[in-house]
Amino acid sequence: MRYGARRLRAAGVDYDVVNAAGFAAANLSNYNAIAIASSFGGTLTRAELDALIARKDDIKNFINAGGGLFASSECYPCGANLLAGATA
């Protein structure tokens, strides 16, 4: 478990980590917020990006209903069209 994850658990923050299939099946109404953690170098896979794109309306509705969203930047390679090609 990474340092940040240990700190979240120690603070009593409950969270789930899912892959593309898990996100596709997730009931967003069970959550207060969505965190899309990526880092410089493109840690999201093509399947994960596709899952996010497929649920864009669900994410929009989640936010409009008061849900929170944290998303860090995806850059692989910087300037690439992430909708057009593989990232992993």
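Buried means under 20% relative accessible area, exposed means over 50%, and partly exposed is in between, with a 1.4 Å probe and protein chains only. This is a predicted model, where local features need pLDDT of at least 70, side-chain atom pairs count only at pLDDT 80 or more, and totals for chains, interfaces and linings use all residues. Residues are numbered from 1 along each chain as its sequence is written, and side-chain values use heavy atoms, with hydrogens and water left out.

**Exercise 1. Sort N32, Y31, N61 and I63 into buried, partly exposed or exposed.**

Solution.
- Step 1: N32 has a relative accessibility of 71%, so N32 counts as exposed.
- Step 2: Y31 comes in at 32%, so Y31 is partly exposed.
- Step 3: N61, with a relative accessible area of 44%, is partly exposed.
- Step 4: I63, at 34%, is partly exposed as well.

**Exercise 2. Lay out the secondary structure and its order.**

Solution.
- Step 1: Take helices (H or I, at least four residues) and strands (E, at least two) as DSSP runs, numbered from the N terminus.
- Step 2: Count them up: the protein has four helices and two strands.
- Step 3: Read from the N terminus, and the elements go α-α-β-α-α-β.
- Step 4: Now place the residues of Exercise 1. Y31 sits in the loop between α2 and β1, and N32 is in the loop between α2 and β1 too. N61 belongs to helix α4, and so does I63.

**Exercise 3. Work out how the two strands pair and which face of β1 is covered.**

Solution.
- Step 1: Two strands pair if DSSP finds at least two bridges between them.
- Step 2: β1 and β2 have four bridges, in the parallel sense.
- Step 3: Find a partner across the pair: I34 stands opposite L69 in β2.
- Step 4: Recall that in a regular strand the side chains alternate between the two faces of the sheet.
- Step 5: Check that against β1: I34 and I36 make up the covered face, while A33 and A35 make up the uncovered one.

**Exercise 4. Find the largest nonpolar core and say which elements feed it.**

Solution.
- Step 1: Set the rule: a nonpolar core is a set of buried Ala, Val, Leu, Ile, Met, Phe, Trp, Tyr and Cys residues joined through side-chain atoms within 4.5 Å.
- Step 2: The largest such core holds twelve residues: A20, F23, A26, L28, I34, I36, L44, L49, A51, L52, I59 and F62.
- Step 3: At least two of these residues come from each of α2 (20-25), β1 (33-36), α3 (46-54) and α4 (56-64).
- Step 4: The top contributor is α3, with three residues.
- Step 5: Look at α3 on its own. R46, E48, L49, A51 and L52 are its buried residues, and the buried residues of α3 pack against α2, β1 and α4.
- Step 6: For the whole protein, 26% of the 88 residues count as buried.

**Exercise 5. Trace which parts of the chain L28, Y31 and N32 touch.**

Solution.
- Step 1: Contact means heavy atoms within 4.5 Å, and residues up to four places away in sequence are not counted here.
- Step 2: L28 touches F23, I34, R55, D58, I59 and F62.
- Step 3: Y31 touches D16 and F62.
- Step 4: N32 is in contact with F62, G67 and G68.
- Step 5: Add some C-alpha distances. N32 and I63 are 31 residues apart along the chain, with 9.6 Å between their C-alpha atoms. N61 and L28 are 33 residues apart in sequence and 9.7 Å apart in space, C-alpha to C-alpha.
- Step 6: Zoom out: among contacts between residues at least 6 apart in sequence, 74% join residues at least 24 apart.

**Exercise 6. Describe the lining of the largest pocket.**

Solution.
- Step 1: On a 1 Å grid over the protein atoms alone, a pocket is an open set of points where a 1.4 Å probe fits, with protein on both sides within 12 Å along at least five of seven lines; lining residues have an atom within 4 Å of a point.
- Step 2: The largest pocket holds about 1200 Å³ of space, a volume being the space filled by probe spheres set on the points.
- Step 3: Of the 31 lining residues, Y15, D16, V17, V18 and A35 are the closest to the centre of this pocket.
- Step 4: By class, the lining has 21 nonpolar, six polar and four charged residues. Here Ala, Val, Leu, Ile, Met, Phe, Trp, Tyr, Cys and Pro count as nonpolar, Asp, Glu, Lys and Arg as charged, and the others, Gly among them, as polar.
- Step 5: β1 gives the largest share of the lining, four residues.
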